[in-house]
Amino acid sequence: MATNTQPQDITVSRSRLVHELKGVYTIWYRDVLRFVRDRSRIFGSLAQPLLFLFALGFGVGQLGRAGLGGLPPNVPYIVFLYPGILCMTALFTALFSAVSIVWDREFGFLREVLVAPVSRISVALGKVAGGSTIAMIQAALIMLLGPLLGVHYDFVRVVLMLLTLLLLAAVISSLGILIAARQKTMEGFQVIMQFLLLPMLFLSGAFFPLTGGGGTPALILRTVAQINPMTYGVEAMRQIALSGQLPSALFLHSPGVDVLFLLGFFVVFLVPAVLLFSKQD
Amino acid sequence: MPVIEVRDLSRKFGDFTAVNGVSFEVEQGEIIGFLGPNGAGKTTTINMLCTLLKPTGGSASVNGFDVASRQDMVRRSIGLIFQDPTLDERLTGWQNLQFHAMLYDVPAAVFESRAKELLEMVELTDKVKESVKAFSGGMKRRLEIARGLLHHPKVLFLDEPTIGLDPQTRRHIWEYLVKVRDQERLTLFLTTHYMDEAEIADRIAIIDHGDIVALDTPSKLKAMVGGDVVTLCTDDDERAQRVLAGLGVTPTKRDDGLRVEIDHGDRFIPLVLGAMSAATPPVTITSVNLRRPTLEDVFVKLTGRAIRDEEADQMESMRRSRMMRGGGRR
Ligand SMILES: Nc1ncnc2c1ncn2[C@@H]1O[C@H](COP(=O)(O)OP(=O)(O)OP(=O)(O)O)[C@@H](O)[C@H]1O
Ligand SMILES: [Mg+2]
């Protein structure tokens with residue numbers, strides 16, 4: 001076996017790391033390019049969060065304050081809901097962009113990527129980066145509504161909100177890649193998504209405070225919510241977007257602790273996602 | 001030094017052996033063809049050589065790099081045209097090429113000129129700004145060929161590169177590829193079950209049930225069959241077989257009649273006709289066919305089966321319809 005002979009005419013000009021970073025960038029770039037090229041998808045996926053925001057916001061808002069214990073009188077329900085909708089947008093977009101790996105596999109494109117001289121670690125990282133970026137942009141479009149609803153923006157707040165969205169989206173993207181890494185067919189993946197997406201949304205406190213009410217059901221809800229990464233994203237986002245307007249009794253943790261939890265989830269999902277994806281058949 | 005070296009390479013899926021310890025070498029600039037029926041192990045072999053699948057036995061190197069331990073270098077040395085299309089349909093032709101160049105670290109300046117030259121060759125210069133979704137099957141294949149050559153690979157793997165294309169497009173594609181081979185000393189590794197396509201290869205490996213049953217130049221392979229192929233249809237094959245035995249030949253009975261491999265078939269036919277009518281009662285011959293041996297005949301001789309029997313055709317049409325519904329294969 002002539003495995004150690006060195007052909008002269010292949011020169012690896014850059015260092016390995018720069019090359020791999022460029023690989024991450026390339027995968028990220030493709031996802032963003034596809035997103036930007038597809039206007040109908042951008043506007044189409046704004047419809048759902050807007051529907052939730054207005055139907056729930058004004059609908060539930062009418063019920064009066066009785067059912068929404070702990071919400072101060074000067075904060076309308078729609079304003080309380082709004083950060084939850086931002087997180088929901090990030091959740092949907094990030095999870096569905098992870099689907100695109102299964103999609104690419106089914107349509108063959110993934111092979112073009114997998115035989116390229118870029119490690120699969122970089123491919124997985126590029127995918128997570130791409131999904132997170134798209135999810136953040138999508139949610140940022142909803143953020144434009146904030147001032148109309150009476151949410152006050154200043155520079156620092158906007159930056160913190162965007163960073164929170166990015167972190168949440170990175171957590172969700174990693175989870176999506178983890179699920180998609182070995183998935184060969186769309187069908188199987190869609191089933192998993194159905195069992196994940198809606199529970200993650202409804203058991204996150206996006207629509208109501210998790211701290212409200214005593215009794216066993218509320219306790220169960222609170223407990224389940226605490227293993228849901230969405231919960232921490234919603235909490236952090238709500239406290240940053242509406243800081244000073246809501247009592248801290250409405251939250252399980254301070255925003256700093258929430259962010260730490262999100263970072264923890266990120267590592268816990270990303271590492272196995274990358275390892276699984278890197279496994280050669 | 002051979003550009004591809006394969007030693008006892010095998011791959012199992014569970015208990016099933018898809019590739020059963022194959023060995024061969026390919027020199028730089030050579031065109032090697034893998035010819036075999038559906039499920040013979042052609043794609044599995046390519047997948048191992050291009051680092052998509054781990055071998056379960058044996059070893060292989062491409063461009064001097066071991067496919068298991070030097071994957072990154074193997075990948076830099078090869079280009080691939082897969083059995084199923086692998087373009088991003090949502091991007092334009094040019095964006096697909098750009099993406100490839102970025103993944104393979106082709107510098108921007110080199111990329112521009114190389115891409116233009118290749119697009120010129122595959123006659124896609126006018127179309128390249130359009131979305132790939134709007135491309136025909138032949139255009140997609142041509143774009144994939146341009147993309148596969150973009151980074152100056154040493155070996156281009158082509159897994160049934162012209163499947164589903166019309167004869168004219170197929171001919172064009174082979175013209176491009178042979179041209180690049182001549183210009184750049186590119187090695188082509190192709191699989192096919194089109195006989196005429198296999199003839200392009202300098203050497204052909206006939207593969208069946210994961211084994212290479214023969215590996216040689218097309219003319220030497222055909223010489224194995226010996227002389228000409230004469231096919232006879234009669235009203236009584238059993239008696240005809242006895243008459244032929246009397247002439248010192250043993251025919252094989254096949255769907256299309258009795259097949260005889262013989263030197264100087266043109267002189268043999270009058271003898272047969274005479275012997276058949278001299279038999280009591282005479283055997284009626286309904287048709288006679290004389291032709292030079294094809295690779296199909298070689299395959300039949302080596303395996304006792306046709307390369308494209310009915311079953312294989314059914315599998316093929318199933319595979320096609322799966323592709324049309326968008327279901328590719330890893
Ligand atoms: N991932 C897999 N898991 C299990 N079996 C597999 C897998 N991939 C291939 N096989 C089996 O291995 C055998 C060889 O398959 P392969 O795709 O290499 O055939 P092929 O010669 O390329 O056929 P075709 O002409 O249909 O493309 C087939 O019987 C196939 O079913
Ligand atoms: Mg195949």
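**Cavities and chain contacts in a predicted model**

Student: Which parts of chain B each supply at least two residues of the lining of the second largest cavity?

Tutor: A cavity here is a set of points, on a 1 Å grid over the protein atoms alone, where a 1.4 Å probe fits but cannot get out, and lining residues have an atom within 4 Å of a point. Helices (H or I, at least four residues) and strands (E, at least two) are DSSP runs, numbered from the N terminus. Two elements of chain B make the cut: strand 6 (78-81) and helix 5 (137-149).

Student: Before we go on, what kind of model is this?

Tutor: Residues count from 1 along each chain as its sequence is written, with chains lettered from A and ligands numbered from 1 in the order in which they are written. Side-chain values use heavy atoms, leaving out hydrogens and water, while local features need pLDDT of at least 70, side-chain atom pairs count only at pLDDT 80 or more, and totals for chains, interfaces and linings use all residues, since the model is predicted.

Student: Back to that second cavity, then. Which element gives the largest share of its lining?

Tutor: The lining includes A:Glu112 and A:Val115 along with B:Ile78, B:Gly79 and B:Leu80. By class it has five nonpolar, four polar and two charged residues, where Ala, Val, Leu, Ile, Met, Phe, Trp, Tyr, Cys and Pro are nonpolar, Asp, Glu, Lys and Arg charged, and the others, Gly among them, polar. The largest share, three residues, comes from strand 6 of chain B.

Student: How much space lies in the largest cavity?

Tutor: There are five cavities of 30 Å³ or more. Grid points are joined across faces, edges and corners, and a volume is the space filled by probe spheres set on the points. On that basis the second largest cavity holds about 60 Å³, and the largest holds about 70 Å³.

Student: And which element gives the most to the lining of the largest one?

Tutor: That cavity has 13 lining residues, with A:Pro209, A:Leu210, A:Glu235, A:Arg238 and A:Leu250 nearest its centre. Eight of the lining residues are nonpolar, three polar and two charged. The top contributor, with three residues, is chain A's helix 10 (residues 229-241).

Student: How many helices does chain A have?

Tutor: Along the sequence its pattern reads α-α-α-α-α-α-α-α-α-α-α, and its C-alpha trace spans about 80 × 40 × 35 Å along the principal axes. Chain A has zero strands, and its helices number 11.

Student: How much area is buried between chain B and chain A?

Tutor: With contact meaning heavy atoms within 4.5 Å, the contact takes 49 residues from chain B and 41 from chain A. Buried area is the accessible area (1.4 Å probe) that two parts lose on being put together, summed over both. Carbon and sulfur atoms give 54% of it, and the total is about 4,500 Å².

Student: Which residue of chain A forms a salt bridge with B:Arg90?

Tutor: A salt bridge is a side-chain nitrogen of Lys or Arg within 4 Å of a carboxyl oxygen of Asp or Glu. The rule finds five across the interface of chain B and chain A. For B:Arg90, the closest N and O atoms are 2.8 Å apart, and the partner is A:Asp38.

Student: What about A:Arg30 and A:Asp104: how far apart in sequence are the parts they tie together?

Tutor: Their closest N and O atoms are 2.9 Å apart, which makes a salt bridge. A:Arg30 lies in helix 1 (residues 16-37) and A:Asp104 in helix 3 (residues 77-106) of chain A, so the parts tied together are separated by 74 residues.

Student: Which peptide bond is cis, with omega near -15 degrees?

Tutor: Most peptide bonds are trans. Look in the loop between helix 10 (265-278) and strand 14 (285-291) of chain B, where B:Pro281 lies. The cis bond runs from B:Thr280 to B:Pro281.

Definitions and conventions: 1 Å grid on protein atoms, 1.4 Å probe; cavity = no way out; pocket = protein on both sides within 12 Å on 5 of 7 lines; lining within 4 Å.
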